[in-house]
Amino acid sequence: MKFIKSALITTLLLIGGSANAAFINFSDYTATAYGNQSKTGSEVVSNSGNTFTLNGNRWVDILYGVTLTSTSILNFSVEATGLNAELYGIAFETNDTYKYGQMDNFVFFGGTQLTQVTSENSLPSFGSYSSGDGVVNFSINVGDYFTGVFDRMVFILDNDANQSGSVVSFSNVEVCDNALVCQQSSVIAVPEPAHIGLASLALIVMGVTRRRKKI
């Protein structure tokens, strides 16, 4: 009986049944403009709180307290439409102040200016997503790059050159400590992201995966 019970618990964890991880319900949070980076546009919560959509040229944050450890994983699904933005990203912060060059806790995964920003700030890029790529799932081992206590998450749609016409939706967003307690599953590995600031575009060893969602 003990063996059967143990096996059942293990199975539930593997299929994402643990209560220790859950997708963020954006209906439970109030989004506010982050720093001086929200220029135009708005944000909309939909899909019973599971989806958070930004349009225009907009950075917003929610007060989402989290402690990131060396095993922490950030999972999310993204879909961008309209004009391809300069940057798409998610950040973990402890204040409402933005300073260029101080983005150690930022995750950028797409946009036309991705290479420039990651190179100038010595940041890794976590993908090459562009508007029109459809719904793609990302799983990033953020604990490999930064740890600590954060009180907010920032969602980024940056397009200074075009103040309107860009749209991005984040859904199935979760932060979990290891693969066994994550809701997201069945992701397919993609080439390791490059740390643009290194000579010869050397590859960094990291756990980043993405999967195109069939719709």
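**Exercises on salt bridges and the nonpolar core**

D151, with a relative accessibility of 31%, counts as partly exposed, a class lying between buried (under 20% relative accessible area) and exposed (over 50%; 1.4 Å probe, protein chains only). The model is predicted: local features need pLDDT of at least 70 and side-chain atom pairs pLDDT 80 or more, while totals for chains, interfaces and linings use all residues. Residues are numbered from 1 along each chain as its sequence is written, and side-chain values use heavy atoms, without hydrogens and water.

**Exercise 1.** Determine which residues are linked with D151 in a network of salt bridges (a Lys or Arg side-chain nitrogen within 4 Å of an Asp or Glu carboxyl oxygen).

*Solution.* Step 1: D151 pairs with R152, with 3.0 Å between the closest N and O atoms. Step 2: R152 also pairs with D61, at 3.1 Å. Because D61 belongs to strand β3 and R152 to strand β10 (strands being DSSP E runs of at least two residues, numbered from the N terminus), this pair ties together parts 91 residues apart in sequence. Step 3: D61, D151 and R152 are thus linked in a network. R152 is buried, at 13% relative accessibility.

**Exercise 2.** Locate the salt bridge of E43 and classify the burial of E43.

*Solution.* Step 1: E43 pairs with R58, at a closest N to O distance of 2.5 Å. Step 2: E43 lies in strand β2 (residues 40–46) and R58 in β3, so parts 15 residues apart in sequence are tied together. Step 3: E43 is partly exposed at 25%, whereas R58 is buried at 14%.

**Exercise 3.** State how many residues the largest nonpolar core has (buried Ala, Val, Leu, Ile, Met, Phe, Trp, Tyr and Cys joined through side-chain atoms within 4.5 Å).

*Solution.* This core has 34 residues, with L74, F76, M153, F155 and F170 making the most contacts inside it. Elements giving two or more residues to this core include β3 (51–62) and β10 (152–158).

Conventions:
Helix = DSSP H or I, 4+ residues; strand = E, 2+ residues; numbered from the N terminus.
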